[in-house]
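This report describes a ligand site, the nonpolar cores and several individual residues. The structure is shown first, and the description follows.

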Amino acid sequence: MNTQLDGPVLITGCSSGIGAAVARAFLRSGATVYATARRPETLADLAEAGAHVLALDVTDEKSMQEAVSRVETEHGPLGTLVNNAGYGEYGTVEETDLDRVRRQFDTNVFGAARLIQLVLPGMRRAGRGRIVNIGSMGGRLTFPAGGYYHASKYALEALTDALRVEVAPFGIQVSLIEPGLIRTSFADTASNTLAASGGPRTSAPHEGAYAELNRNAQGVMDSGYRNHLLSATPEPVAKAVLHAARARRPRHRYVITPAAKAMVHLRRLAGSRVFDAVVRRQFRLPARAAVAQPVPVPLNQH
Ligand code: NAP
């Protein structure tokens with residue numbers, strides 16, 4: 001069922017978590033692996049395990065061009081690109097700083113898109129190639145205080161769907177991996193961003209219209225990642241990426257973790273009214289917040 005991996009593999013965001021696990025899985029399979037990160041000193045273990053390591057910041061055009069051209073010079077056109085680098089910018093739609101949101105889109109969406117543009121000419125010439133985008137179950141459903149992260153993963157879904165059809169005639173196959181809760185540095189980074197928009201880990205006293213929602217969102221995140229029935233290690237994600245890179249007929253989408261599968265099905269089958277009710281209950285949110293008493297308008301202003 002599996003084909004032999006053809007050509008070198010380039011993986012972004014290998015300093016930790018899913019990226020590091022994916023790099024290790026490809027190395028075990030005997031592939032030529034380029035493991036990349038913004039800080040290449042974080043890749044010492046992977047270098048020792050046999051990976052070529054490169055500096056690659058997916059928000060830096062020069063860094064992306066240099067990485068792709070280095071791989072192509074040394075080993076020919078890319079066989080597989082794994083767009084993994086990414087993080088969650090958490091906070092409510094009203095409170096989150098849009099400059100921070102733009103930076104997140106630069107990483108999660110435009111970084112992946114630009115790398116795809118850079119590797120495709122080589123893949124088309126070779127008449128083969130695999131592109132594996134690390135999306136999220138968060139590209140299929142949305143939680144409050146996560147709207148901007150989900151928006152970036154929904155964007156990646158649309159981009160991947162268009163790309164899959166566009167490049168199929170050139171022998172290039174494209175898959176999306178949609179992990180649920182995976183125990184990596186992701187949750188810590190997300191908590192820090194939530195704090196930046198008024199979440200409970202901020203040093204300032206948390207007040208404001210969304211203080212309770214932010215507190216509950218942090219609580220849902222903490223308990224979800226702590227619960228090993230709801231969360232998983234990065235290894236099942238790496239296994240799916242390897243399948244997407246090697247199977248003769250890779251799947252379009254791989255939802256990872258049983259809990260994520262259940263949530264995606266619930267969202268799809270139940271519709272947004274029922275899903276909203278489930279989420280409101282999970283985040284302990286009333287359908288309507290208590291509002292301050294309306295200020296009486298002086299009679300002479302009627
Ligand atoms: P992680 O351990 O925090 O890893 C994120 C990686 O992305 C790190 O290597 C980080 O590098 C890198 N990165 C961030 N900005 C970058 C940039 N501008 N250029 C290059 N690399 C950059 O979290 P993870 O869980 O492994 O996340 C990997 C992917 O899985 C992300 O796309 C995430 O959205 C997705 N995902 C995660 C989960 C989950 O629950 N963990 C669920 C669904 C999807 P630095 O060390 O330099 O910051």
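## A loop residue, the ligand site and the cores

Pro77 lies in the loop between helix H3 (61–75) and strand S4 (80–83), where helices (H or I, at least four residues) and strands (E, at least two) are DSSP runs numbered from the N terminus. The model is a predicted one, in which local features need pLDDT of at least 70 and side-chain atom pairs count only at pLDDT 80 or more, while totals for chains, interfaces and linings use all residues. Residues are numbered from 1 along each chain as its sequence is written, and side-chain values use heavy atoms, with hydrogens and water left out.

At 25% relative accessibility, Pro77 counts as partly exposed; on this scale buried means under 20% relative accessible area, exposed means over 50%, and partly exposed is in between, with a 1.4 Å probe and protein chains only. Leaving aside neighbours within four places in sequence, Pro77 is in contact (heavy atoms within 4.5 Å) with Gly7, Pro8, Glu72, Gly122, Met123, Ala126 and Arg128. Pro77 and Leu156 are 79 residues apart in sequence, and their C-alpha atoms are 23 Å apart in space.

The ligand is surrounded by 29 residues, of which the closest are Ser15, Arg38, Tyr149, Thr184 and Tyr225; a residue is near the ligand if one of its heavy atoms lies within 4 Å of it. By type, the residues of this shell divide into 12 nonpolar, 13 polar and 4 charged, where Ala, Val, Leu, Ile, Met, Phe, Trp, Tyr, Cys and Pro count as nonpolar, Asp, Glu, Lys and Arg as charged, and the others, Gly among them, as polar. Backbone polar atoms of three residues pair with ligand oxygen atoms as tabulated below, a polar contact being a pair of N or O atoms within 3.5 Å.

| Residue | Distance from its polar backbone atom to a ligand oxygen |
|---|---|
| Gly13 | 3.0 Å |
| Ile18 | 2.8 Å |
| Asn84 | 2.8 Å |

On its own the ligand has 890 Å² of accessible area, and the protein covers 93% of it, with areas taken from the Shrake-Rupley method with a 1.4 Å probe. Helix H1 (17–28), helix H5 (147–167) and strand S7 (181–182) are the elements that give two or more residues to the shell.

The largest nonpolar core (buried Ala, Val, Leu, Ile, Met, Phe, Trp, Tyr and Cys residues joined through side-chain atoms within 4.5 Å) has 32 residues, and those with the most contacts inside it are Ile11, Phe26, Val33, Val82 and Ile177. At least two residues of this core come from each of strand S1 (9–11), H1, strand S2 (33–37), strand S5 (129–134), helix H8 (235–246) and strand S9 (253–256). Not counting residues up to four places away in sequence, Val33 touches Val9, Ile11, Ala23, Phe26, Leu27, Ala51 and His52. A second, separate core of 23 residues includes Tyr149, Ala217, Val279 and Phe283.

Which residues does Ser152 contact, leaving aside its neighbours within four places in sequence? They are Gln104, Phe105, Asn108 and Val109; Ser152 itself is found in helix H5 and is buried, with a relative accessible area of 0%.

Two loop residues that are not glycine have positive phi values: Ala145, at about 70 degrees, and Thr257, near 95 degrees. Ala145 lies between S5 and H5 and is buried at 6% relative accessible area, while Thr257 is in the loop between S9 and helix H9 (258–282) and is buried at 8%.

Note on methods. A polar contact is a pair of N or O atoms within 3.5 Å; within protein, one must be able to donate a hydrogen and the other to accept it, and residues adjacent in sequence count only if both atoms are side-chain atoms.
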